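Q: Could you take a close look at one part of this model with me? I'm a first-year student, so a connected walk-through would help a lot.

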Amino acid sequence: MLGWAKDQGLASDSFITFFADTRGEVTRALGMILNHPGPMGVLGNPRSKRFSMLIDNGVIKTINLAAAPDDPAGDNDPS
């Protein structure tokens, strides 16, 4: 995750924090498992949908999901 943050140009003291969910526990708990047959037919293993969260003092304020009905993996909207 540190490499990704560095690639994105984030300073080490940035207010943005990257977290890994290697076992998918948080992804499952949030209902963000990518299970559409199109992408899963290519990717194989369960993956996370593309999303971001704004968390303030441990409270999720906003969840942004990049997926759309015609773009379940969110590849066309990387915002």
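Which residues is T27 in contact with, leaving aside its neighbours within four places in sequence?

A: With those neighbours set aside, T27 touches D21, M32, I33 and S48. You will find T27 in helix α2. T27 counts as buried because its relative accessibility is 7%, and the cut-off for buried is under 20%. Please keep in mind that this is a predicted model, so it is fair to ask how confident the predictor is here. Among the elements of the protein chain, α2 has the highest mean pLDDT, at 92. The lowest mean, 68, belongs to helix α3, which covers residues 37-43. Over the whole protein chain the average pLDDT is 79, and 81% of the residues score at least 70.

Now let's see how helix α2 fits into the rest. The protein chain has three helices and four strands, and along the sequence they come in the pattern α-α-β-α-β-β-β. Of the 79 residues in the chain, 15% count as buried, and T27 is one of the residues with that label. The accessible surface comes to about 6,300 Å², with 54% of it belonging to carbon and sulfur atoms. As for contacts with a separation of 6 or more, 17% of them join residues 24 or more positions apart.

Helix α2 also leads us to the largest pocket, whose volume is about 1,200 Å³. In all, 27 residues line this pocket, and T17, F19, F51, S52 and M53 lie nearest its centre. The elements giving two or more residues to that lining are α2 (25-29), β3 (51-56) and β4. Strand β3 gives the most, with five residues. By type, the lining holds 17 nonpolar residues, seven polar ones and three charged ones.

One of the residues nearest the centre of that pocket, S52, deserves a visit of its own. S52 sits in strand β3. Its relative accessible area is 33%, so S52 is partly exposed; that label covers values between 20% and 50%. Apart from neighbours within four places in sequence, S52 is in contact with T62, I63 and N64. S52 and L65 are 13 residues apart in sequence, yet their C-alpha atoms are 6.8 Å apart in space.

Follow the contact from S52 to N64 and you arrive in strand β4, which spans residues 59-65. Seen from this side, N64 is in contact with R50, F51 and S52, again leaving aside neighbours within four places in sequence. N64 and R50 are 14 residues apart in sequence, and 8.4 Å separates them C-alpha to C-alpha. N64 counts as partly exposed because its relative accessibility is 41%.

Finally, there is a second pocket to look at. The second largest has a volume of about 160 Å³, and its lining includes M1, L2, A5 and K6, along with residues such as I16, T17 and F18. T17 therefore appears in a list you have met before, as T17 is also among the residues nearest the centre of the largest pocket. The lining of the second largest pocket divides into seven nonpolar residues, three polar and one charged.

To retrace the route on your screen, begin at T27 in helix α2, go on to S52 in strand β3, and end at N64 in strand β4.

Notes:
Residues numbered from 1 in each chain as written. Predicted model: local features only at pLDDT ≥ 70, side-chain atom pairs only at ≥ 80, totals over all residues. Heavy atoms only, no water. Buried < 20%, exposed > 50% of the residue type's maximum accessible area, 1.4 Å probe, protein only. Contact = heavy atoms within 4.5 Å. 1 Å grid on protein atoms, 1.4 Å probe; cavity = no way out; pocket = protein on both sides within 12 Å on 5 of 7 lines; lining within 4 Å. Points joined across faces, edges and corners; volume = space filled by probe spheres on them. Nonpolar A, V, L, I, M, F, W, Y, C, P; charged D, E, K, R; others polar. Areas by Shrake-Rupley, 256 points an atom, 1.4 Å probe, with all protein chains shown as cover. pLDDT = per-residue confidence, 0-100.
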